[in-house]
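User: I'd like to learn how to read a surface patch on a model like this one. Could you walk me through it?

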Amino acid sequence: MDNKEELRSLIRKGAKITIIGDSIAAGAGCSKQYKTNEIIVTIGNDVFVRRIAPNSWWGRFQAYLIEKFPGCTV
């Protein structure tokens with residue numbers, strides 16, 4: 001099995017995809033974005049929470065994957 005087919009197989013089974021990065025990766029500044037109460041990580045006094053950002057690049061990627069592969073989460 002080639003890498004693409006292996007990846008497709010994992011996605012079909014309901015892969016959980018985690019995107020890590022900076023504020024751009026989080027969707028900060030996108031329209032319709034908002035912070036949730038879900039804590040992602042705490043570093044010292046800094047608490048980082050999950051954002052919902054449907055118009056960010058990952059929000060659109062998530063929508064695409066869920067449409068094509070309903071078991072996935074991003």
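User: Which residues make the nonpolar surface patch?

Analyst: Happy to help! The general idea is to look for nonpolar side chains that keep over 30% relative accessible area and lie within 5 Å of one another. In this predicted model, I24, W57, F61 and Y64 make such a patch, with an area of about 450 Å².

User: Which helix gives the most to the nonpolar patch?

Analyst: That is helix α3, residues 57-68, which contributes three residues. W57 lies in this helix.

User: Does "partly exposed" have a cut-off, and how does W57 count?

Analyst: Partly exposed is the range between buried, under 20% relative accessible area, and exposed, over 50%. W57 has 48% relative accessibility, so it counts as partly exposed.

User: Now the wider setting. How do the elements of the chain run from the N terminus on?

Analyst: They follow the order α-α-β-β-α, made up of three helices and two strands. The radius of gyration of the chain is 14 Å, well over the 11 Å that the globule rule gives for 74 residues, so the chain is more spread out than a compact globule. Along the principal axes, the C-alpha atoms fill a box of roughly 45 × 30 × 20 Å.

User: What share of the 74 residues counts as buried?

Analyst: The buried share is 19%. As for the surface, the chain exposes about 5,800 Å², and 55% of that comes from carbon and sulfur atoms.

User: And how should I read the contacts between residues at least 6 apart in sequence?

Analyst: Ask how far along the chain the partners sit. Here, 43% of those contacts join residues at least 24 apart.

Technical notes. Residues numbered from 1 in each chain as written. Predicted model: local features only at pLDDT ≥ 70, side-chain atom pairs only at ≥ 80, totals over all residues. Heavy atoms only, no water. Patch = residues over 30% accessible without salt bridge, like charges linked within 9 Å, V, L, I, M, F, W, Y side chains within 5 Å. Areas by Shrake-Rupley, 256 points an atom, 1.4 Å probe, with all protein chains shown as cover. Salt bridge = Lys/Arg side-chain N within 4 Å of Asp/Glu carboxyl O. Helix = DSSP H or I, 4+ residues; strand = E, 2+ residues; numbered from the N terminus. Buried < 20%, exposed > 50% of the residue type's maximum accessible area, 1.4 Å probe, protein only. Rg over C-alpha atoms; globule rule 2.2 N^0.38 Å. Contact = heavy atoms within 4.5 Å.
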